[in-house]
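Please open the model in your viewer and keep the selection panel at hand. The stops below go from the whole chain to single residues.

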Amino acid sequence: MVFQLDVDAGLLIIRLFVGLIVAAHGAQKLFGWFGGHGLGGVGGWLESLGFRPGRLWAALAGGSEFFGGLLFALGLWTPIAAFLIAVVMIVALFTVHVKHGLFITNNGYEYVLILAVVALVIGFLTGPGAYRVSIGG
């Protein structure tokens, strides 16, 4: 059997999984969906980390994740989507996870690092691939 590589299909699958998972995290922050704590709960937690006003920072983080994740999954405005995702993940890496080391089993930064790297690579190196939404083009 001969396998034909389809890089565009691979990029689509990666974009869908990463983008929708990141968008779901944003929905937790913004709307309290999927067991999330909503703007009030996340805002209070962010204030405990020194982000003031916490509710504003929760809206910015949640909005970046939700809209960045959806755009990333669609392959629409991919560099902007990648930037939104990467910024939130890098902030989380340094403010929450780095002190716990690499591994997620200790609340480490491996998960947020992988999400940031995947977003940046697709956003700025490979592009979204052929299977994407485009507007006006």
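Begin by selecting the charged side chains: the mean positions of the 6 positive and 5 negative charges of the chain lie 10 Å apart, where Lys and Arg count as positive, Asp and Glu as negative, and His and the chain ends are left uncounted. Each charge is placed at NZ of Lys, CZ of Arg, CG of Asp or CD of Glu.

Before going further, note that this is a predicted model, in which local features need pLDDT of at least 70 and side-chain atom pairs count only at pLDDT 80 or more, while totals for chains, interfaces and linings use all residues. Residues are numbered from 1 along each chain as its sequence is written, and side-chain values use heavy atoms, with hydrogens and water left out.

Now show the chain as a cartoon, which has five helices and zero strands, helices being DSSP runs of H or I with at least four residues and strands runs of E with at least two, numbered from the N terminus. The radius of gyration, taken over C-alpha atoms, is 16 Å, close to the 14 Å that the globule rule (2.2 Å times the number of residues to the power 0.38) gives for 137 residues, so the chain is as compact as a globular protein of that length. Along the principal axes, its C-alpha atoms fill a box of roughly 55 × 35 × 25 Å.

Next, select helix H4, residues 78-97, where the buried residues include Ala-81, Ile-85, Met-89 and Leu-93; buried means under 20% relative accessible area, exposed over 50% and partly exposed in between, with a 1.4 Å probe and protein chains only. The buried residues of H4 cover an arc of only 165° around the axis, which puts them on the same side of the helix, the arc being that of the directions from the helix axis to the C-beta atoms. Turn to the other side of H4 and you find Ile-80, Phe-83 and Phe-94 exposed. What do the buried residues of H4 pack against? Their partners are helix H1 (7-31), helix H2 (38-48), H3 and helix H5 (110-126).

Then move to Glu-65 in helix H3, residues 54-74, which is buried at a relative accessible area of 5%. Beyond its neighbours within four places in sequence, Glu-65 is in contact (heavy atoms within 4.5 Å) with residues including His-25, Lys-29 and Met-89.

Finally, select Asp-6 in the segment before H1, which counts as partly exposed at 39% relative accessibility. The C-alpha atoms of Asp-6 and Thr-105 are separated by 34 Å.
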